[in-house]
Amino acid sequence: MKKIQIITLFPEMFEGVLNSSMMWKAQKEKVVDFRIINLREFGLGPRKQVDDTPYGGGDGMLLMPEPLFSAIKHAQENDSKAKVVLLTPKGERWVQPKAKSWANNGDNYIFVCGRYEGYDERILTLVDKQISIGDYVLTGGELAAMTVIDSIVRLLPGVLGGENSAEIESFSDGKTLEYPQYTRPEVFEGLNVPKVLLSGNHAEIAKWRQKNSKKAK
Ligand code: ADE
C-alpha cells in the first residue's frame with residue numbers, strides 16, 4: 001500500500017477530491033492510504049502562527065520554518081523513509097512519465113503545500129524533491145498536490161478498471177495524445193461515428209487510431 005501524507009493549511013480542500021472516484025476506490029481497496037496533516041496545529045504561540053514577514057522587506061508573508069519543520073518531522077515519525085515533496089512553481093515540471101515512475105517505485109510520499117508568497121528557504125534542507133505542475137502561480141500548493149497525487153494514484157496497480165487503459169492513454173509515452181473515441185448512439189444530432197469504428201476490423205481500427213493520434217505540442 002502506498003502511503004501519502006499531505007501537509008497543508010487547508011485540509012478541507014482535499015476532502016472532495018480524496019473521497020471521490022478513483023481516489024476513493026483506491027483507499028477502499030487499500031491500494032493507498034492518505035493522511036492529512038494540518039500545518040496550523042504546529043503553529044507557534046496561542047494564535048498558532050505559521051507565517052511572518054520576510055527579512056529584508058517585501059510584500060506578503062512567508063511560512064515560518066518552525067511549524068513546517070515540526071510538521072515534516074511528525075510525518076516522518078509516521079513513515080521514516082517517505083520522500084518529502086514540496087509543491088512550488090520553482091520545482092521540476094510534473095509530467096506523465098514521472099507519474100508512472102512514482103506509482104511504481106514503492107516509495108511513500110509526504111507532500112508539503114506551500115503558499116504563494118513563499119516559505120523560509122531553510123525548509124529545503126528537509127525536502128527531497130520540488131515539483132511544479134506548470135508555469136503559472138497558484139495561491140498555494142494544494143491544487144498542485146491534488147493534481148500530482150491523482151495522476152499517481154490512478155496508475156497504482158488495481159485502481160484503473162481497464163486492463164491496459166493506462167498504457168494506451170494520452171501521454172503514456174510522454175508525447176502522443178490519445179485518438180478520438182465515440183460511444184452510442186451511432187448518430188447524434190446528425191453527427192456520425194466514423195464508419196471504420198463500426199466495422200469490427202481490428203487492423204483497420206488500429207490503423208485509424210494511429211493516424212488520428214495527435215502529437216503533443
Ligand atoms: N504552488 C503555486 N504554484 C504552483 C505550481 N505551478 N506548481 C506547484 N506548486 C505551486
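**Exercise 1. Describe the salt bridge that K207 forms with E204, and decide how far each of the two residues is exposed.**

Solution. K207 forms a salt bridge with E204, and the closest N and O atoms of the two are 3.3 Å apart; a salt bridge here is a side-chain nitrogen of Lys or Arg within 4 Å of a carboxyl oxygen of Asp or Glu. Before going on, note that this is a predicted model, in which local features need pLDDT of at least 70 and side-chain atom pairs count only at pLDDT 80 or more, while totals for chains, interfaces and linings use all residues. Residues are numbered from 1 along each chain as its sequence is written, and side-chain values use heavy atoms, with hydrogens and water left out.

Next, place the pair: because K207 and E204 are 3 residues apart in helix α7 (residues 202-211), they are separated by about one helical turn. Helices (H or I, at least four residues) and strands (E, at least two) are DSSP runs, numbered from the N terminus.

Finally, turn to accessibility, where buried means under 20% relative accessible area, exposed over 50%, and partly exposed in between (1.4 Å probe, protein chains only). K207 has 55% relative accessibility, so it counts as exposed, whereas E204, with a relative accessible area of 34%, is partly exposed.

**Exercise 2. Which parts of the chain does the salt bridge of R93 and D135 link?**

Solution. Begin with the contact itself: the side chains of R93 and D135 meet in a salt bridge at 2.9 Å, N to O. This pair links distant parts of the chain, since R93 is in strand β5 and D135 is in the loop between β7 (129-132) and α5 (142-153), 42 residues apart. R93 is partly exposed, at 41% relative accessibility, and D135 is exposed, at 68%.

**Exercise 3. Find out whether D120 is buried or exposed, and do the same for its salt-bridge partner R122.**

Solution. The side chains of D120 and R122 meet in a salt bridge of 2.7 Å, N to O. D120 has 15% relative accessibility and therefore counts as buried, while R122, with a relative accessible area of 51%, is exposed. The structure holds 6 salt bridges.

**Exercise 4. Describe the aromatic pairs in which W102 takes part.**

Solution. The structure holds 3 aromatic pairs. Rings of Phe, Tyr and Trp (its six-membered ring) pair if their centres lie within 6.5 Å, and planes under 30 degrees apart count as stacked, over 60 as edge-to-face and the rest as tilted. W94 and W102 form an edge-to-face pair, with 4.9 Å from centre to centre and 75 degrees between the planes. W102 and Y109, in turn, form a stacked pair, with 4.5 Å from centre to centre and 5 degrees between the planes.

As for burial, W94 counts as buried at 11% relative accessibility, and W102 does so at 5%; Y109 is also buried. To complete the picture, W94, W102, Y109 and F111 form one aromatic cluster.

**Exercise 5. Which residues of helix α3 are buried, and against which strands do they pack?**

Solution. Helix α3 (residues 65-78) has 14 residues. Its buried residues are P65, P67, L68, A71, I72 and A75. These buried residues pack against β1 (2-8), β2 (32-38), β4 (62-63), β5 (83-93) and β6 (109-113), where contact means heavy atoms within 4.5 Å.

Terms used. Expected span 1.5 Å × (residues − 1).
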